[in-house]
Amino acid sequence: MAEVSGKKLLNNEPASAYVTKTIDCHLCENVTATAYCPSCKMHLCDKCEGHHKKLPTTRSHKLLKGSNMPSGPSTQLSDNEVDDYQENCPDHQKEEIKFFCTKHENLCCVACTVVKHQSCKIDYIPDVSGSFTSGEEYKKLISRIEDMERLVAQYQADINNCKTAVDSLSKNEIEIFRSFKAEIITYLNKREAELLAEIKQRRDGDDAALQNFLAQTQTITNDISEVKTKLSALKDNPDRLFISAKRSHGLVARLQSAVEEIQQKTGYREYKLRKDGNMEAVLNSATGLATLEDVPGNVLKTMLKSHYVLKL
């Protein structure tokens with residue numbers, strides 16, 4: 001690239017930094033600049049200079065050539081030169097947005113007008129912005145913003161109403177569940193009392209019967225003992241022993257019948273607890289007691305996806 005001698009100092013840099021420097025075109029890579037636009041603060045090569053002179057937005061700009069060009073990069077503005085409300089181009093981040101393409105409805109910087117919008121109708125923003133606030137476009141924009149503001153406020157009110165409804169709904173369903181739980185506990189306590197009473201009744205009945213049989217066996221034992229004692233006492237008196245023994249046959253026969261009857265009747269009623277199948281199914285169910293289900297078609301101003309109620 002050709003060298004361009006510099007005569008002007010930028011940003012208080014020493015003169016030695018600008019003795020012999022070559023400056024590239026601001027828009028083209030590795031192409032030597034031949035002109036400088038103070039208005040756009042851009043170095044331009046021959047090709048870009050030609051475009052610059054043809055564009056309606058830049059053709060009136062006075063260009064510096066040769067030794068009148070700054071010999072250092074001038075695209076970075078100093079803090080004093082940067083406007084507080086400057087908007088930079090998203091495609092050329094060092095460039096300020098100053099133009100508007102009416103064909104593509106794009107905001108543009110100088111680089112955009114040269115690279116992308118050479119054949120487009122370009123408005124210089126300072127020229128058209130003064131009357132913009134009194135135009136129909138701006139009025140419609142403000143109207144849309146205000147409408148959106150009112151709509152969002154209404155949505156906020158709807159959302160708050162939904163939040164209140166959600167809190168109320170959850171509290172109501174919790175109360176329903178707790179009431180249902182209390183009913184279940186009351187029922188279980190009642191069934192427990194009934195089952196325990198039935199078990200006690202069975203135990204007491206069997207225990208009373210066995211106690212009666214035990215008393216009968218004790219009576220039989222006493223009678224047998226009495227017969228044995230009497231017969232033993234008469235061993236030395238054969239005549240009386242004979243008579244007593246003959247009389248004892250009837251008693252022994254009756255005692256034998258009593259023993260056989262006790263043998264036949266002695267016992268108890270066996271029983272066992274059979275768990276209720278429905279209750280076991282509840283205990284084995286992942287959704288025992290209750291479930292939550294959506295109410296079909298119940299949507300609150302389209303703000304809630306669904307309501308739920310407790311299904312008992």
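**Exercise 1. How H4 and H5 pack**

Task: In this predicted model, find at what angle H4 and H5 pack and how far apart their axes are, then decide whether the two helices are roughly parallel or roughly antiparallel.

Solution:
- Start with the geometry: the angle is about 165 degrees, and the axes lie 10 Å apart.
- Next, classify the angle. Values over 145 degrees count as roughly antiparallel, so H4 is roughly antiparallel to H5.
- Finally, look at the handedness: the crossing of H4 past H5 is left-handed.

**Exercise 2. What the H4 and H5 contact is made of**

Task: Which residues of H4 meet which residues of H5, and how many in this contact are nonpolar, polar and charged?

Solution:
- Take the H4 side to begin with. Its contacting residues are Phe-213, Gln-216, Thr-217, Ile-220, Asp-223, Ile-224, Val-227, Lys-230 and Leu-231.
- Now turn to the H5 side, where Leu-241, Ser-244, Ala-245, Ser-248, Leu-251, Leu-255, Ala-258, Val-259, Ile-262 and Lys-265 take part.
- Sort both sides by class: the contact has twelve nonpolar, four polar and three charged residues.

**Exercise 3. A salt bridge across the chain**

Task: Which side chain meets Arg-269 in a salt bridge, and where in the chain do the two partners sit?

Solution:
- Look around Arg-269 and you will find Asp-206, with an N to O distance of 3.4 Å.
- Then place the two residues. Arg-269 belongs to the loop between helix H5 (238-265) and helix H6 (277-284), while Asp-206 is in helix H4 (residues 136-233).
- The partners are 63 residues apart, and the pair links distant parts of the chain.
- Last, check accessibility. Asp-206 has a relative accessible area of 13%, which is under the 20% cut-off, so Asp-206 is buried. Arg-269, at 48%, counts as partly exposed.

**Exercise 4. Two more pairs, and a network**

Task: Is each partner in the salt bridges Asp-123 with Lys-121 and Asp-204 with Arg-203 buried, partly exposed or exposed?

Solution:
- In the pair of Asp-123 and Lys-121, the N to O distance is 3.0 Å. Asp-123 is buried at 18% relative accessible area, whereas Lys-121 is exposed at 53%.
- In the pair of Asp-204 and Arg-203, the N to O distance is 3.2 Å. Asp-204 is partly exposed at 31%, and Arg-203 is partly exposed at 49%.

Task: How many salt bridges does the model have, and which residues does a network of shared partners join?

Solution:
- The count is twelve salt bridges.
- Follow the shared partners, and you arrive at one network of Glu-49, Lys-53 and Lys-65.

Technical notes
Residues numbered from 1 in each chain as written. Predicted model: local features only at pLDDT ≥ 70, side-chain atom pairs only at ≥ 80, totals over all residues. Heavy atoms only, no water. Salt bridge = Lys/Arg side-chain N within 4 Å of Asp/Glu carboxyl O. Buried < 20%, exposed > 50% of the residue type's maximum accessible area, 1.4 Å probe, protein only. Helix = DSSP H or I, 4+ residues; strand = E, 2+ residues; numbered from the N terminus. Axes fitted to C-alpha atoms, helices over the stretch in contact; angles between N-to-C directions. Parallel < 35°, antiparallel > 145°, perpendicular 65-115°, else oblique. Left-handed = near helix turned anticlockwise from the far one by under 90°. Contact = heavy atoms within 4.5 Å. Nonpolar A, V, L, I, M, F, W, Y, C, P; charged D, E, K, R; others polar.
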